[in-house]
Amino acid sequence: MTDDSAILAVDIGGTKTLVALVDASGMVEEATVSTARDDGPDRWLEAAFSAAKPWQGRFHGVGLAVTGFVRNGCWSAMNPATLGIPPDYPLIARVEALTSLPAIAVNDAQAAAWGEHAFGAGRGEDLVFLTISTGIGGGIVLGGRLQKGLAGHFGLTTDGDDGAFLEDRVSGRWMAAEARRQGHEADARQVFADASRGETWAMDIVAASAQRVGRLCRNIQLALDPPRIVLGGGIGLAEGFIDRVSALRPPLGAVPPVPVCRAELGVRAGILGVANLARIAFSGRGR
Ligand code: BMX
């Protein structure tokens with residue numbers, strides 16, 4: 001496969017699916033479809049490939065960035081509340097059968113971490129990436145290498161005695177549920193809007209979420225001591241959220257806190273990351 005061969009990159013998240021044609025110059029075509037939660041993987045793939053139909057014959061391999069866990073080409077959910085993937089769905093085999101092309105698959109936040117490392121806020125350096133959206137995803141680049149497998153599943157860490165997943169007490173889903181519990185019909189976007197208008201109940205929900213992410217950043221610094229933590233996702237990039245995280249993060253004695261900075265590639269981080277990982281996998285040469 002030559003360097004300029006285009007890759008079909010597919011990013012299946014808990015809420016939406018991005019599909020793009022990516023060559024060595026970057027994204028050439030793109031489309032977004034919703035991830036209909038009750039449809040299941042066959043229909044999610046169908047929706048992605050029908051969006052890519054106009055680009056047929058223009059790509060030579062497929063890179064999949066998916067919410068959930070990928071092992072030996074099979075796909076499973078770690079937290080079905082984020083997306084109900086059946087255990088060990090044969091993702092690579094299914095995609096290679098559908099396209100007759102080589103395919104790779106990695107976790108969506110790991111792909112985004114690689115994208116931000118190679119083309120975004122990472123500037124080619126090591127980083128820990130966090131995406132706060134439907135869940136909390138994460139990716140770790142250390143020593144210039146992307147850590148794969150379960151590495152980065154910070155959303156599944158437990159933050160309290162009740163064993164609740166951290167993401168079920170931080171993410172957009174939690175914010176909407178907490179607003180409803182307090183008698184307000186508001187999704188996460190609305191909670192941020194009400195918070196910026198000075199509504200105390202909404203400001204408290206944003207602060208609670210930001211404080212828990214602040215604690216996570218402190219724990220990541222203690223565990224991995226990366227040069228920077230890059231924050232992305234619909235919640236992570238929401239107005240004022242990063243400032244709240246930095247303000248509410250517990251100190252680490254005399255050690256300065258690792259900088260928390262904004263992701264630069266937005267929703268495209270996973271697509272650009274997995275396209276580059278696919279290029280490396282299929283041609284042994286990347287970037
Ligand atoms: C969950 C887990 C992660 C994923 C993260 C963010 C599932 C289905 N997903 O922790 O693999 O990276 O959510 O997912 O178990 P997103 O859909 O919010 O991008």
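These questions and answers look at two domains and one sheet of a predicted model. In this predicted model, local features need pLDDT of at least 70, side-chain atom pairs count only at pLDDT 80 or more, and totals for chains, interfaces and linings use all residues. Residues are numbered from 1 along each chain as its sequence is written, and side-chain values use heavy atoms, with hydrogens and water left out.

Trainee: Which residue ranges make up domain 1?
Mentor: The bounds come from an automatic or database domain assignment. Domain 2 covers 123-263. Domain 1 is 7-111 + 267-282.

Trainee: How many residues of domain 2 are in contact with domain 1?
Mentor: Contact means heavy atoms within 4.5 Å. Domain 1 gives 14 residues. For domain 2 the number is 19.

Trainee: Which residues of domain 1 lose the most area to domain 2?
Mentor: Buried area is the accessible area (1.4 Å probe) that two parts lose on being put together, summed over both. The two domains bury about 1200 Å² between them, 62% of it on carbon and sulfur atoms. Three residues together make 44% of what the domain 1 side buries. They are Met78, Ala109 and Gln110.

Trainee: How many salt bridges cross the interface?
Mentor: The rule asks for a side-chain nitrogen of Lys or Arg within 4 Å of a carboxyl oxygen of Asp or Glu. Across the interface of domain 1 and domain 2, the count is zero.

Trainee: Which strands stand at the edges of the open sheet?
Mentor: Strands are DSSP runs (E, at least two residues) numbered from the N terminus, and two pair if DSSP finds at least two bridges between them. The order is β10-β9-β8-β11-β12, with mixed pairing. Each edge strand has a single partner, so one side of each is left without a neighbour in the sheet. The edge strands are β10 (145-146) and β12 (260-262).

Conventions:
Helix = DSSP H or I, 4+ residues; strand = E, 2+ residues; numbered from the N terminus.
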